[in-house]
Each structure stands twice: as C-alpha cells, then as structure tokens.
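Trainee: Please take me closely through one part of this model. Then set that part in its surroundings.

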Amino acid sequence: MGGSSGVGRTMRLVCVALALALAGCAPLEALTGQRTNPVWAAQLAWAPVWGALSIDYNSANPAAPVDGAYQGTGPVFPVAGWRAHTWRLTAASLAGRQNFGADLRLAGSPGVAVSEVVLSLRPPGRGGPEAEIRLGAAAATGGGTGNLDQGLRQVGAGGRQGDSFYHDAILEGRPAEVLDAVNGPASTSYIYLRLDSASPVLAAHPSVLYATVTYTTLHPATAWSERTFAKLAARGVRAAEINLEWGALEPEPGQFDFRFLDEDLANAARAGVKVIPIFWYSVWPGNPAPWITSFDQGSGGTRAQVPAWWDPANRQAYFTYVQRTVAHIKKAQAFGGAFLDYGWLDDMWGPAPGGSGVNGYAPTDIARFHQWLPTQYGS
C-alpha cells in the first residue's frame with residue numbers, strides 16, 4: 001500500500017516556476033488513457049486566503065516540542081459562520097509548562113475569532129466535569145476587555161508577557177476575541193489558557209481530554225479565480241494540481257463541503273485548464289481530517305504525524321473521502337484525474353534523513369502484519 005498511486009496512465013510532467021503561490025511539482029496522472037505530449041502543470045495550495053486554528057497542549061509525549069509542552073493537534077479551517085469543533089487530546093499532562101504557565105494554547109491565523117472553549121473528561125454531551133471560558137464576554141456589556149471563566153482562565157497572548165495580539169468584538173451577536181497579525185498576514189497568534197488548581201478536570205489527572213472550541217473567521221477562504229487559471233493557461237500551463245485538505249472537505253465524518261472545489265473546477269474549465277486533485281492521507285497541511293485520532297507510533301513509542309494505516313476506521317474513512325469526492329467531481333469538465341498519496345507510508349517520504357519507508361509501529365499495524373505473515377510464509 002506504499003507509494004503514490006494515480007488513476008489512468010502517467011503523462012510526463014514539466015514543472016514551471018510561477019509567482020502564483022505554486023507549491024512544487026509531482027507526477028501527473030490523467031484519466032484519458034491516451035499517450036500525449038509533455039504537459040506543463042502547476043501545483044496550487046488549497047483555497048487561498050485561508051486561516052487555520054489548532055491547539056498546542058501539555059503532553060506526556062517527550063518527542064513533542066519543548067519536551068512535550070506543545071503537542072499539536074490537526075488544524076480546522078474556519079469558514080463564514082460560527083461552528084464548534086472538538087479535539088481529542090491524547091497523553092495529556094496538564095503540567096503548566098507553556099509560556100505563562102499555561103496548559104494549552106489556541107494557535108490561529110489572523111482573522112480567526114474564538115468565542116468559547118470547553119475542556120471535558122468525556123466527549124460533549126456525555127456528562128462529567130468540565131471547565132469553560134467565554135472569551136471577550138465583557139465586551140457584550142460595554143465593560144471592556146474581560147472573559148467569563150469557570151475553571152479555565154486566559155493567562156496570556158502572543159509570546160511575551162503583556163503582548164496582546166487579539167481584539168474583542170461582537171460577531172453575529174456573539175462576543176469573541178479576534179486574533180490579529182503578529183508578523184504579517186501569514187503569521188500565527190496564540191491565546192494561552194490554564195486550568196484552575198481547584199478544577200475537577202485538573203484534579204482527575206486525565207490522560208485523554210476533549211477540547212471543544214467555538215470559532216469563526218473574518219476572512220473565509222476563497223476558491224482560485226478564473227483569472228488565476230487564465231494566467232496559468234496564458235503561460236502554457238494546461239493542468240493544475242491542487243493539494244486538497246481533507247479536513248476542509250470533510251470537517252466532520254460523513255459531512256462534506258465541496259463548494260470551493262466546485263468553484264475551482266468551474267473557474268478552471270472556463271480558462272481551459274484541467275484540475276488534478278491530490279488526496280493526501282497525512283503530512284500536508286489539513287491532512288488527515290482533524291477527527292482522525294488513531295496515529296502511528298515511532299519505535300520509541302511516541303506518536304507520529306501519520307495515522308495508523310491498518311486501523312480499519314482510518315482506512316475506511318480515507319477510502320470514503322476519496323470515493324465521495326471523486327464521485328462528486330468526476331463528470332466536471334475540468335476534472336483531469338487524481339492522485340492518492342498516503343504521505344509517510346511512501347518509500348520516498350519516510351522520516352528524515354532521506355526517507356526510509358514506513359515510519360512507525362502502531363499496535364493495529366503490528367496486529368495486521370501478524371495476520372499477513374502466515375498467509376505468505378506458513379507460520
């Protein structure tokens with residue numbers, strides 16, 4: 001199951017460097033089954049002008065940054081309108097080892113707005129102790145900066161004591177803090193949070209914690225414009241690979257949002273450019289979907305970046321994502337084929353240095369290997 005696989009016959013690719021946010025090159029696959037002349041192609045990131053929101057938290061994983069103080073989660077990509085997302089924080093330690101003595105921080109792009117954060121010992125709606133903070137709540141009454149907290153407090157912002165890289169606002173009737181730019185429009189800003197010492201969540205010493213964040217954005221993502229595709233066509237580029245973000249197309253299991261991809265295909269068709277989506281399983285930003293929770297392990301037992309491939313739920317989720325997306329777009333005029341790329345399962349990817357194939361040993365992978373051995377070798 002390793003390697004990058006495609007649909008159809010392979011065509012030669014010549015990559016050109018363009019000042020149009022191009023991200024690199026990869027082999028190009030076509031659905032035509034026809035041998036053709038070399039194809040000029042460009043590779044585009046998913047949905048320009050996008051923001052991201054994720055969590056860094058205290059973890060027992062020593063391989064995480066700063067001896068586990070900043071274990072990261074997969075990002076979500078806010079769209080217009082409020083929504084909530086729950087992250088499952090594994091190997092949580094809540095040791096107050098971040099800046100300002102924080103247990104976790106929200107990491108977001110400029111324009112991302114956060115209204116509420118709830119930490120719980122069980123998934124939402126399952127009961128059990130919770131700690132909660134509503135950000136910017138005092139702004140609703142004209143009282144200036146302030147929050148309403150129940151066992152979860154904001155202890156800092158930015159990277160130095162006293163920095164303030166957010167502003168209070170009321171968006172669609174909901175108080176919130178809006179993250180501001182720190183070092184330009186592509187920067188990341190942080191909101192640091194700490195559990196109160198008397199919080200029942202902290203007293204439980206949980207190894208697994210659920211963090212539910214209610215968020216939106218002032219700068220929702222947009223599709224690549226017809227003008228962008230026309231510029232590519234004018235330079236002889238006849239195909240554009242797009243690095244899809246699984247988490248943006250399927251933000252919740254079985255809930256798909258194809259609006260940007262449909263618009264990309266329509267704009268590309270009008271410019272005479274084919275679109276080749278790349279279905280990443282991991283590693284590329286936005287992959288895997290943020291609700292994937294079973295990950296591979298390194299030989300030292302620490303969590304890797306890649307989901308366990310032989311986990312039945314992971315594999316079926318990826319297959320469903322690919323099948324549903326291709327079924328939706330396969331008749332579009334601009335659809336030019338697709339890649340399936342599993343990330344670090346590939347021989348050419350692998351962990352540094354130089355790549356060495358499969359990078360970890362998740363229990364589910366080992367169990368599957370033990371099932372496979374007797375079929376090949378009889379013992």
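Mentor: Two strands count as paired when DSSP finds at least two bridges between them. Keep that rule in hand for the sheet. One caution belongs here: the model is predicted.

The part to look at is an open sheet of five strands. Its order is S7-S6-S9-S16-S13, and the pairing is antiparallel. In general, strands of a sheet pair through backbone hydrogen bonds, either parallel or antiparallel. Which strands stand at the edges? They are S7, residues 71–72, and S13, residues 152–157. Each has a single partner strand, so one side of each is left without a neighbour in the sheet.

Start at the S7 edge. Strand S6 covers residues 53–57 and runs antiparallel to S7. Two bridges join them. That number just meets the cut-off of at least two bridges. To find the register, go to Tyr57: its bridge partner in S7 is Gln71.

Now cross to the S13 edge. Arg153 lies in S13. What does Arg153 pair with? It forms a salt bridge with Asp196, the closest N and O atoms being 2.6 Å apart. This pair links distant parts of the chain, 43 residues apart. Asp196 sits in the loop between strand S16 (189–195) and helix H2 (200–203). S16 is itself the sheet neighbour of S13 in the strand order. Arg153 counts as partly exposed, because its relative accessibility is 33%, between the cut-offs of 20% and 50%.

Salt bridges elsewhere are worth a look. Side chains of opposite charge can pair when their charged atoms come close. With N and O required to lie within 4 Å, the count comes to six salt bridges. Arg259 and Asp257 make one of them, at 2.7 Å between the closest N and O atoms. The two ends differ in exposure. Arg259 is exposed at 53% relative accessible area, whereas Asp257 is buried at 19%. Salt bridges with shared partners also join Glu116, Glu132 and Arg134 into one network. Within that network, Glu132 and Arg134 meet at 2.9 Å, N to O. Glu132 is buried, with 15% relative accessible area. Arg134 is partly exposed at 43%.

Compare the sheet with a hairpin. Strands S14 (166–171) and S15 (174–179) pair in the antiparallel sense over six bridges. His167 stands opposite Val178 in S15. Two residues lie between the strands. Glu172, in the turn, has a positive phi of about 50 degrees.

Next, the interior. The largest nonpolar core has 43 residues. Trp46, Phe229, Leu244, Trp246, Phe279, Tyr318 and Tyr321 touch the most other members. The elements giving two or more residues to this core include strand S5 (39–44), helix H3 (226–234), helix H5 (259–271) and helix H6 (312–329). Strands S18 (239–243) and S19 (274–280) are also on that list, as is helix H4 (246–249). A second, separate core holds 30 residues, including Leu53, Val201, Leu202 and Leu209. Leu53 brings us back to the sheet, as residue 53 falls within strand S6.

Two residues show how the 43-residue core is approached. Beyond its sequence neighbours within four places, Tyr321 contacts Leu244, Glu245, Trp246, Leu249, Glu250, Phe256, Phe279 and Trp280. Ala248 lies in helix H4. Ala248 is buried, because its relative accessibility of 18% is under 20%. Leaving out residues up to four places away, Ala248 touches Trp46, Phe77 and Asp257. Its C-alpha atom is 8.5 Å from that of Pro78, 170 residues apart along the chain.

Turn to the surface. Phe369, Trp372 and Tyr377 form a nonpolar patch there, with about 360 Å² of accessible area together. Tyr377 is in helix H7, residues 363–377. Tyr377 is exposed, at 62% relative accessible area.

Last, the whole chain. Its secondary structure comes to seven helices and 22 strands. Of its 379 residues, 50% count as buried. Its accessible surface is about 17200 Å², with 53% belonging to carbon and sulfur atoms. Among contacts between residues at least 6 apart in sequence, 72% join residues at least 24 apart. The Arg153–Asp196 pair, with its 43-residue separation, ties this long-range picture to the sheet.

How values were computed:
Residues are numbered from 1 along each chain as its sequence is written. This is a predicted model: local features need pLDDT of at least 70, side-chain atom pairs count only at pLDDT 80 or more; totals for chains, interfaces and linings use all residues. Side-chain values use heavy atoms; hydrogens and water are left out. Patches are made of residues with over 30% relative accessible area and no salt bridge: like charges are joined within 9 Å, nonpolar side chains (Val, Leu, Ile, Met, Phe, Trp, Tyr) within 5 Å. Accessible areas come from the Shrake-Rupley method with a 1.4 Å probe; for residues, only the protein chains shown count as cover. A salt bridge is a side-chain nitrogen of Lys or Arg within 4 Å of a carboxyl oxygen of Asp or Glu. Helices (H or I, at least four residues) and strands (E, at least two) are DSSP runs, numbered from the N terminus. Buried means under 20% relative accessible area, exposed over 50%, partly exposed in between (1.4 Å probe, protein chains only). A nonpolar core is a set of buried Ala, Val, Leu, Ile, Met, Phe, Trp, Tyr and Cys residues joined through side-chain atoms within 4.5 Å. Contact means heavy atoms within 4.5 Å.
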